[in-house]
Amino acid sequence: MNPVVISVCIMLILALMRVNVVVALTFSAIVGGLVSGMSLNDAVAAFESGLGGGATIALSYAMLGTFAVAISRSGITDLLANNVIKRLNGKENDAATTGLKYGMLFALVLVTMSSQNVIPVHIAFIPILIPPLLGVFAKLKLDRRMVACVLTFGLITPYMILPIGFGGIFLNNILLKNLHDNGLDVVAGQVPTAMLLPAAGMVFGLLTAIFFTYRKPREYAETSHTKTSQVTPEINKKNIAVAGLGIVAALAVQLTTGSMIIGALAGFMVFTGGGVIAWKETHDVFTKGVHMMAMIGFIMISAAGFAAVMKQTGGVESLVQALSTSIGDNKPLAALLMLIVGLLVTMGIGSSFSTIPIIATIYVPLAAAFGFSPMATIALVG
């Protein structure tokens, strides 16, 4: 009857039933508090006490969403898509196919990785860049599952090891903060280094997908989506120049201040001052940016509240003691079980960022009990 186990199981069941994740986190946290012997008022108070821990991250997401909308309005992503299509169209002969295929996959990796730090638009580029390329994918007989793996690699791996853009949020604002909150004494410089090992797993997975699992040509039926359009939208060169300046400003301010919020704000002000976004449209753009990223922000706030309740129940300590007693000194088994639990929790919540407050609460004391080094603990949680 461990309250932590019961809470996580309830959360996963509700998530599998397609209950809203915020509702699932809130409900399961309250149930866990009640199971531990807390009164309803105490459980609610504990949940509310943790909500502030996710506020900074939520605002960072809102500002980045706004910045992403501004970038898409400038036309810079349209320009990128048009250039890729122009270079690839009419070059589908057998001699050039292999080079084109791997060249495009490499370009997709670079574009996707830059969306996490250099041009921090996160997933906002996908509906702009990918649909026009479906026709090219079909001509090259690319397995779309391979493309999905490439996009996933580029979206995740940079924030695992590079403390810039979304990596700054993940490594410093979330991972490092929650490790400190749970008593692990590490410094910021150790986190990216420790995460090189999990990132190497991502590289191995990408190479496996490209050269083995999905390497065979695959035919797709021609639809309106796979026909490459010859009509390209008009690109405003002034807006492209302003977009470039805004991206540089956002990156420079972020590196100087260490704040994604201030960096995104600086970039957005360049877009506004440069005329890409009219002053009277700033409210509309901000609303769209919040709409794009708000759900992730609310999940992260709720996850922080969930973690606060779990700490106050005292269930983490008893869970750690029970597991360390039953597993003994078997470190590989302990690591495997922690990763499986982390996988289930992440699938239940649907956000790797939002999982950290919950995982760190359980893993840090558990890793200490099994004698894992600080670097190993960082890698396991991350």
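A crossing of two helices is called right-handed if the near helix is turned clockwise from the far one by less than a right angle, and left-handed if that turn is anticlockwise. With that convention in mind, the tour can begin; the model on the screen is a predicted one.

**First stop: helices α9 and α17**

Select α9, which covers residues 166–181, together with α17, which covers residues 352–370. The axes of α9 and α17 come within 9 Å and cross at roughly 25°, and because angles under 35 degrees count as roughly parallel, α9 and α17 are described as roughly parallel to each other. When you turn the view to look through one helix onto the other, the crossing of α9 past α17 is right-handed.

**Second stop: from α17 to α18**

Keep α17 selected and add α18, residues 374–381. Here the two axes come within 10 Å and cross at roughly 150°, which makes α17 roughly antiparallel to α18. This crossing of α17 and α18 is right-handed as well.

**Third stop: a salt bridge inside α9**

Return to α9 and show the side chains of K177 and D181, which form a salt bridge whose closest N and O atoms are 2.8 Å apart. The two residues are four apart in helix α9, so about one helical turn separates D181 from K177. Both ends of the pair are partly exposed, with a relative accessible area of 43% for D181 and of 35% for K177.

**Fourth stop: two loops joined by charged pairs**

Side chains of opposite charge can pair when their charged atoms come close. Now select the loop between α7 (126–139) and α8 (144–161), and with it the loop between α11 (196–213) and α12 (237–257). Begin with K141 and E219, which form a salt bridge with their closest N and O atoms 3.1 Å apart. This pair links distant parts of the chain, since K141 sits in the loop between α7 and α8 while E219 sits in the loop between α11 and α12, 78 residues apart. K141 counts as partly exposed at 35% relative accessibility, whereas E219, with a relative accessible area of 59%, is exposed.

Next, show D143 and R218, whose side chains meet in a salt bridge at 3.6 Å, N to O. D143 belongs to the loop between α7 and α8 and R218 to the loop between α11 and α12, so this pair ties together parts that are 75 residues apart in sequence. Is D143 buried or exposed? At 3% relative accessibility D143 counts as buried, while R218 is partly exposed, with a relative accessible area of 35%.

**Fifth stop: backbone angles in two loops**

Stay with K141 for a moment and inspect the backbone, where phi is positive at about 55° although K141 is not a glycine. For a second residue of this kind, move to R18, in the loop between α1 (3–16) and α2 (21–35). Phi of R18 is near 65°, again a positive value in a residue other than glycine. R18 counts as exposed, at 72% relative accessibility.

**Sixth stop: L151 and L206**

Select L151, a residue of helix α8. At 10% relative accessibility L151 counts as buried, because the buried class holds residues under 20% relative accessible area. Then add L206 and draw a line between the two C-alpha atoms: L151 and L206 are 55 residues apart in sequence, yet 9.8 Å apart in space.

**Last stop: a nonpolar patch on the surface**

Finish by selecting L333, L336, L337, I340 and L344 and switching on the surface. Which kind of surface patch do L333, L336, L337, I340 and L344 make? Together these five residues make a nonpolar patch of about 390 Å². One of them, L336, lies in helix α16, which covers residues 331–349. L336 counts as partly exposed, at 45% relative accessibility.

Notes
Residues are numbered from 1 along each chain as its sequence is written. This is a predicted model: local features need pLDDT of at least 70, side-chain atom pairs count only at pLDDT 80 or more; totals for chains, interfaces and linings use all residues. Side-chain values use heavy atoms; hydrogens and water are left out. Patches are made of residues with over 30% relative accessible area and no salt bridge: like charges are joined within 9 Å, nonpolar side chains (Val, Leu, Ile, Met, Phe, Trp, Tyr) within 5 Å. Accessible areas come from the Shrake-Rupley method with a 1.4 Å probe; for residues, only the protein chains shown count as cover. A salt bridge is a side-chain nitrogen of Lys or Arg within 4 Å of a carboxyl oxygen of Asp or Glu. Buried means under 20% relative accessible area, exposed over 50%, partly exposed in between (1.4 Å probe, protein chains only). Axes are lines fitted to C-alpha atoms, for helices over the stretch in contact, and angles run from 0 to 180 degrees between N-to-C directions. Angles under 35 degrees count as roughly parallel, over 145 as roughly antiparallel, 65 to 115 as roughly perpendicular and the rest as oblique.
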